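Let us take a friendly walk through a protein chain together. Have a look at the sequence and the structure below, and then read on.

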Amino acid sequence: IIVSGKIRAQRAKAMKFRDGYMIKTGHSVNDYVDTAVRHVLMRQGVLGIKVSIMLPHDPTGKVPGLPSKPQADVVTIIEPKEDIQ
């Protein structure tokens, strides 16, 4: 969550509130991060609020709106097949 604008004083500032794990780069951001921006008209000026939420992975694909593709950095190791002679 980022709140920016004239919060307490005349000078505009930006306050950031973070918790947990958030990816910010790569193609997985398009699937896993939901972002919203709103502008609030106050008496002193305009406050901007930006909220980003990282969605959980849904491997089954049953829940609509959740990504079923794994992230790009997830590595799956496949066991080699046994030789048949």
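We can start with D31, which is partly exposed, having a relative accessible area of 28%. Keep in mind as you look around that this is a predicted model. D31 has a partner: its side chain meets that of K69 in a salt bridge, with 3.2 Å from N to O. K69 is partly exposed too, with a relative accessible area of 45%. Where do the two partners sit in the chain? D31 lies in helix α1 (residues 28-32) and K69 in the segment after β4, so the salt bridge ties together parts that are 38 residues apart in sequence. If you count the salt bridges in this model, the total comes to one.

Stay in helix α1 for a moment, and find S28 there. Is S28 buried or exposed? S28 is buried, because its relative accessible area of 11% falls under the 20% cut-off for that label. Setting aside residues up to four places away in sequence, S28 touches I23, V33, Q71 and A72.

Now move to the segment after β4 (46-54), where you will find D58. This residue carries a charge that counts as negative, and it is buried, yet D58 has no salt bridge. How far away is the nearest side chain of opposite charge? That side chain belongs to K62, and the distance is 8.2 Å. A salt bridge has to be within 4 Å, so this pair does not qualify. What does the side chain of D58 reach instead? It reaches the backbone nitrogen of V63, at 3.0 Å. Beyond its neighbours within four places in sequence, D58 is in contact with V63, L66, P67 and S68.

P64 is also found in the segment after β4. With 73% relative accessibility, P64 counts as exposed, whereas D58 is buried. Try tracing a path from P64 to R11: these residues are 53 apart along the chain, and 43 Å separates their C-alpha atoms.

Our last stop is the loop between β1 (2-5) and β2 (13-16), the home of I7. I7 is partly exposed, with a relative accessible area of 30%. Which residues join I7 in a nonpolar patch on the surface? They are I1, M15 and F17, and together with I7 they have about 330 Å² of accessible area.

Notes
Residues are numbered from 1 along each chain as its sequence is written. This is a predicted model: local features need pLDDT of at least 70, side-chain atom pairs count only at pLDDT 80 or more; totals for chains, interfaces and linings use all residues. Side-chain values use heavy atoms; hydrogens and water are left out. Patches are made of residues with over 30% relative accessible area and no salt bridge: like charges are joined within 9 Å, nonpolar side chains (Val, Leu, Ile, Met, Phe, Trp, Tyr) within 5 Å. Accessible areas come from the Shrake-Rupley method with a 1.4 Å probe; for residues, only the protein chains shown count as cover. Helices (H or I, at least four residues) and strands (E, at least two) are DSSP runs, numbered from the N terminus. Buried means under 20% relative accessible area, exposed over 50%, partly exposed in between (1.4 Å probe, protein chains only). A polar contact is a pair of N or O atoms within 3.5 Å; within protein, one must be able to donate a hydrogen and the other to accept it, and residues adjacent in sequence count only if both atoms are side-chain atoms. Contact means heavy atoms within 4.5 Å.
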